[in-house]
Structures are given as C-alpha cells and as structure tokens.
Amino acid sequence: MIVVGGEALVDLVPGEPLDSTVDGGLRALLPRMGGGPYNVALAAGRLGVPTGFLSRVSNDRFGVALVDRLHASGVDTALLQRGNEPTTLAVVALDEKGSAQYTFYTEGTADRLVGDPGPLPEDVTALSLGTLGMVLEPGASTYETVLRRESARGVLTVLDPNIRAALITDSAAYRVRFESWLPHIRLLKISDDDTEWLAEGADPVDAAKVWTSKGVDAVVLTRGAQGLSVITRAGEIAQVPSRRVAVVDTIGAGDTVQGALLAWLYSNGVRDVSTLDAGGWRTALEFAAKAASITVSRSGAEPPTAEDMASAV
C-alpha cells in the first residue's frame, strides 16, 4: 500500500464575475476540495493502486465532503484522524495563463493537529509527504517523525516540498530543515520554481545533483511546458515533453504527477528507485505527464481514473 500524509483543505476558486457596481469586480468563489497531499492520494487511488491517507480532517461540512471524496476515489481512510477544528481554506487567484496563487487560512485548523500514528502497517511500501504538512506545526514535526521512522525500515519515501513561501516564516530555517530530510528521502519530486527557491537561484539540475549527493536516490523535476526530467546519482538520465492540451488551469498538476509516479512504481513492483534505468524512468515520466495533461484540461484538481488514462490519446 501507498500512504500519503499531509493536509486536506478546500480551495476557493474564482467563478463567474460578480456585479462590479456592487462588489468591486470580484468574482464568486467556488469550493473545490484540495491540498497537495490530498490530491496526490486521489490521483494514486483513482489509478487503481492501494492507497491510504494519513491526516486529521475536520468534522465540519467541508471535512465530510473531503472524506466522502476520498472514499469515492478508492482511498483507504483507516489512518485518518477526525477533529472538531475547522477545515483549512485556500483562496485561489488565477493569472492569465491559468497558474494558481494561494492565500491560506490555517490558524487552528484540523490538519495541522495530526497525531503520530506510530509505525505504519507492514504492507505499506511507499510513503509520500509534502506541502503544508511539512511546514505548519505541530503537524510538521509529526510527519517528520513518520518520515524518519519509515525510511529507517526501508519504505520508499517520497517528498514534494510544494513550497508555499507565504507560510514559511523563516526561510533559512526551512532550508536547513529540508537539508536534514535528504538522507531519509528516496525520491524527491519538485518543480523548477521550488528548486530555485530552495537552492536560492541555483540552476535546478545543478541543485538536484547536489541533493542526490546528500542521500536522495532520484529527483524528478517538473518544468511546466518543458516537461519532466529525472536526475539520479548518475546525472540527468531521462526527459519527456509535456503533452499538448488546452489548459483550463494548472491546479493539482504537480500533485497528479506525484500520484501517478507512485501508482506506476507500485504497479511495476518498483520498491527501490535506484534500480530504474533510463528506459524505465522514461516510461514512468510519460505516464505521469499523460495523467497531468488530463488534470490541467479540467477545472480544479481532478486527477484522472485508470479508465480516463486508457481512453486518452
């Protein structure tokens, strides 16, 4: 089983414009369920692989909807904790290219109060973490404990930092903490933009090479329209282009890449990514790029099902 840990939240996404004479040109906000790790779990679950979600979710109306959607996507919730705290909200603004920017409302919310579940079940073969779950305390320390413990027992550990700079109050301290995770991470999935933020302007491929020298087995770079590439300890060994589609928005694209990679690795029996050669990585990245292309052709984070993947050209 794959276990994905981190926040589940509600994105408030712009809808139709309101009356500018009354509301100053604002647009209606439509609730869309999301959160980076939540989207990763949906993506893997919809692709038909055993997937569980580790988090704390509110008992409020948003939380009920979040859990219902997990179940509908085939995600196991045995590790899910519930609480009466409110659901985290993220107000989304889209630029002219459909790229999303976020304003978060996180104070006292349920997901950041997740408790340590103890050792994960023996059938867990991969653990995926990231985004706000690795930033907001006390949950960040909980997930860090789980990361170190599961890495030590040989679980395939995967991280997507998915940087939300507005919520990182001490960037230098976060970078130091990130460096401390590297020996415990087997696969790092990260965007060009996040790489440049973490490495303070360094070339993404050069930064990835440094991270592999510090313990990571492979770094998958997501490069927007430029596609995906993977850097291992042997260097940059595979690249695939993005698939051409009409982009509605990019919400959940990187999360879909991560979920699809996890699903591909699980389905192909890969428990150690250091064993993959260039051909294997190319096939994995092509699968992930295809899944992401379906997500960006839809409004909000709507990862594809296995049937969607089979029918897509």
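## Helix H8, mostly under cover

Helix H8 (residues 253-267) is mostly covered, with 12 of its 15 residues buried, where buried means under 20% relative accessible area, exposed over 50% and partly exposed in between (1.4 Å probe, protein chains only). The buried set includes Ala 253, Asp 255, Thr 256 and Val 257, and Leu 261, Leu 262, Trp 264 and Leu 265 also belong to it. Helices here are DSSP runs of H or I with at least four residues, strands are runs of E with at least two, and both are numbered from the N terminus.

A word on where this comes from: this is a predicted model, in which local features need pLDDT of at least 70, side-chain atom pairs count only at pLDDT 80 or more, and totals for chains, interfaces and linings use all residues. Residues are numbered from 1 along each chain as its sequence is written, and side-chain values use heavy atoms, with hydrogens and water left out.

Back to H8 itself. From first C-alpha to last, the helix reaches 21 Å, close to the 21 Å expected for 15 residues at 1.5 Å a residue; the expected span is 1.5 Å times one less than the number of residues. Just after H8 sits Gly 269, with a positive phi of about 70°.

## H2 against H8

Helix H2 (residues 36-46) is a partner of H8: their axes come within 8 Å and cross at roughly 45°. The axes are lines fitted to C-alpha atoms, for helices over the stretch in contact, and angles run from 0 to 180 degrees between N-to-C directions. That crossing angle makes H2 oblique to H8, given that angles under 35 degrees count as roughly parallel, over 145 as roughly antiparallel, 65 to 115 as roughly perpendicular and the rest as oblique. H2 passes H8 in a right-handed crossing; a crossing is right-handed if the near helix is turned clockwise from the far one by less than a right angle, and left-handed if anticlockwise.

Who touches whom? On the H2 side, the contact (heavy atoms within 4.5 Å) is made by Gly 36, Asn 39, Val 40, Ala 43 and Ala 44. H8 brings Asp 255, Thr 256, Gln 258, Gly 259, Leu 262 and Ala 263. Sorted by class, the residues of this contact are 5 nonpolar, 5 polar and 1 charged. For that sorting, Ala, Val, Leu, Ile, Met, Phe, Trp, Tyr, Cys and Pro count as nonpolar, Asp, Glu, Lys and Arg as charged, and the others, Gly among them, as polar.

## H4 and its neighbours

Helix H4 (residues 139-152) and helix H5 (residues 171-181) have axes that come within 11 Å and cross at roughly 20°. That makes H4 roughly parallel to H5, and H4 passes H5 in a left-handed crossing. Ala 140, Ser 141, Glu 144, Leu 147 and Arg 148 of H4 make the contact with Arg 177, Ser 180 and Trp 181 of H5. The class tally for H4 with H5 is 3 nonpolar, 2 polar and 3 charged residues.

The 14 residues of H4 should span 20 Å at 1.5 Å a residue, and its end C-alpha atoms are indeed 20 Å apart. Buried residues of H4 include Tyr 143, Val 146, Leu 147 and Glu 150. What do the buried residues of H4 pack against? Their partners are strands S1 (2-5), S4 (51-54), S10 (126-130) and S11 (156-160), along with H5.

## Backbone oddities

Most residues other than glycine have a negative phi, and most peptide bonds are trans. Ahead of H4, a cis peptide bond joins Glu 137 and Pro 138, with omega about 5°; Pro 138 sits in the loop between S10 and H4. After H4 comes Gly 154, with a positive phi near 90°.

Two non-glycine residues also have a positive phi. Asn 162, in the loop between S11 and H5, has phi near 45° and is buried at 12% relative accessible area. Glu 200, in the loop between H6 and helix H7 (204-213), has phi of about 50° and counts as exposed at 62% relative accessibility.

## Two residues to look up

Asp 194 lies in helix H6 (residues 192-198) and is buried, with a relative accessible area of 10%. Leaving aside residues up to four places away in sequence, Asp 194 touches Asn 162 and Ile 163.

His 71, in helix H3 (residues 61-72), is partly exposed at 45%. Its C-alpha is 9.3 Å from that of Gly 45, which is 26 residues away in sequence.
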